[in-house]
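Student: Please take a close look at a single part of this structure and explain each term as it arises. I should also like to know what else deserves attention around it.

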Amino acid sequence: MRLVRYFGYRLLLALPVLAGIIVLNFFLIHLAPGDAASVLAGESGAATPAYMDILRHKFGLDQSLGTQFLVYVFNMARFDLGYSFRNDSPVAGLILDRMGPTALLMLTAFSVAVVLGTVLGLVAATGRNSWRDAVISLVSLIAYATPAFWLGLMMIVVFAIRLAWLPTSGFDTVGADYEGWDSVLDVGRHLIMPASALALFYLALYARVMRASVLEQTAQDYVTTARAKGQTERRVMTGHVLRNALLPVVTMAGVQAGNLIGGSVVVETVFGWPGIGTLAFDALQSRDLNLLLGIFFVSACLVVVINLVVDLIYVTLDPRIEI
Amino acid sequence: MKAGLLRFARNRMAVFGAAVLLALLAIVVLCPLLYPGDPFRLAGPPLQPPGQHFLLGTDTLGRDVAAGIAYGARTSLLVGVGATLAAILFGSIVGGLAGYYRGMMDVALMRVTEFFQTIPAFILAILIVAILSPSVPTEVLAIAAVSWPGIARLVRGEFVALGGREFVLACSGLGASDTRIIVRHLLPNCTSSIIAVGSLLIGTAILIESGLAFLGLGDPNVMSWGLIISAGRAVLRSAWWICAFPGIAILLTVLGINLVGDGLNEALNPRLRDR
């Protein structure tokens, strides 16, 4: 029950962020040179003059800035993100349709990064200054500096073109009509490369955070106590250190949620993954700015939700936190 | 500062990073001599593999990939350093005001800072460039717009820590204006932290720039690494080198910057060493 109340409280705190995004979007529309209606319609005469008039009227562009803002807030609050002239359908629907693949990609990359990163960080910290530590540090240094889109392209060259182990792009094999487990397996094979390309940077990041955090925890008195009780080193790690050391990793995971969505834009583009990222890329190619604004709004909402979940995980991990 | 530089010189990884960056700078300075003429110029037959007439091969239009990389280095460094300087300027103003005046100003400015840390930075950068139309200045602006929050929080923290110190109280007792205290006394005390954190920002900025250029949001008239990769994507199957080499250039540059940044962090910010 208290958890529910805490959740409600956090939800309330998220409202100003959503309001901020709406203000920022409104500001961006008016940042564009020229008529705001042309921003909303997509660039260079794609829309008919009649449609532009409808837009002007709908967004109150023929009225004062204050009224325009109120109209905009009203529309956003009803999740009316406007209409994509290029795609001939409402923006909100377009984005929701693409939500599934993006969620799958992000969740997979995120889980891989957190789990493997934690394990590697633990390995590096327990064998401090050993060759394992050195290798993990070196790999994470390189991973930090690698652009995800380039990594994806190189993976395609090696694993899809040269070795022909994995499909180059897409969500599933077109026209194969797999059923049941076969189709799951098929999507899985398509998912391996994009998820790895997206995960690598975060894997390195979490490994680094975990390593520092484990080292910090092992210096604490409670670890000495546990060892003095005669517990095995393994038991000290899994029973005592691990849970405490995970907290900074969880915090970092929440902080990085926004970047993960940004990263999935380029990775999806590379692999033709039919999610929000590819939609953003297509919107970019046709300069469909309103669709882009909608994607920005939805992904920011997604970050808010992820942060809520992270908060809840944090509370369950650390009972010391007052809720 | 001098002791810090000595500590930096003893850090082998940092020295390696510095060597990589020096090599890059040499390429940027010498590239008009090495590759005279426009990097967009057709240099030979298209899709030449590397190692024959052209060190790194040619692209789909017969442009020299090596020349493109040399000229791209200039763009990357220009955008990376420019965006970082802009982010430091703006971040210092926001963080400085919040940390010096505290109170409502602090609360309000830090809320805004946290907001900008939460929202998906890369998508915001895409939006800004797309709306203002792609060019080097808009790229700098967009990257700066998503990079400043870290600096603002850093400067605020330093200002709060320094605020109650005797030399600051003495200054205000002597009647120094707020501006004078901030600019002459507080900011110089944060320089080493700003340099250390800022140096790492350049690497992030270069990564964002390459991502933007890859999505087609780079300046179409300026050669850049992301642009070469995005152009080479279509022929990935037959001509891997067009995409491979610019990516290696990005990797080495960002790696060099990160190593130097880590070295500076350890040398100048003993307090941050364990982070």
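Tutor: The account below begins with one residue and then turns to the nonpolar cores and two loops. This is a predicted model in which local features need pLDDT of at least 70 and side-chain atom pairs count only at pLDDT 80 or more, while totals for chains, interfaces and linings use all residues. Residues are numbered from 1 along each chain as its sequence is written, chains are lettered from A and ligands numbered from 1 in the order in which they are written, and side-chain values use heavy atoms, with hydrogens and water left out.

The residue chosen is A:Y144, which lies in helix α6 of chain A, spanning residues 131–145 (helices are DSSP runs of H or I with at least four residues, numbered from the N terminus). A:Y144 counts as buried because its relative accessible area is 12% (buried means under 20%, exposed over 50% and partly exposed in between, with a 1.4 Å probe and protein chains only). Apart from neighbours within four places in sequence, A:Y144 has contacts in its own chain with A:F201, A:A204, A:L205 and A:R208 (contact means heavy atoms within 4.5 Å). From chain B, the residues B:L207, B:V254 and B:N258 also contact A:Y144. One of these partners, A:L205, is 61 residues from A:Y144 in sequence, yet their C-alpha atoms are 7.6 Å apart.

The wider setting includes the largest nonpolar core, which has 164 residues (a core is a set of buried Ala, Val, Leu, Ile, Met, Phe, Trp, Tyr and Cys residues joined through side-chain atoms within 4.5 Å). Those touching the most other members are A:I95 and A:L292 of chain A, with B:I119, B:L124, B:I126, B:L212 and B:L215 of chain B. Leaving out residues up to four places away in sequence, B:L212 touches B:F122, B:A125, B:I126, B:V129, B:E139, B:I143, B:L217 and B:G218. A second, separate core has 6 residues, among them B:F8, B:L264, B:A267 and B:L268.

Two loops of chain B complete the picture. B:R102 sits in the loop between α3 (65–101) and α4, and its phi is near 50°, a positive value in a residue other than glycine. With a relative accessible area of 37%, B:R102 is partly exposed. B:S133, in the loop between α5 (121–132) and α6 (136–163), likewise is not a glycine and has a positive phi of about 65°. B:S133 is partly exposed, at 40% relative accessibility. Most residues other than glycine have a negative phi.
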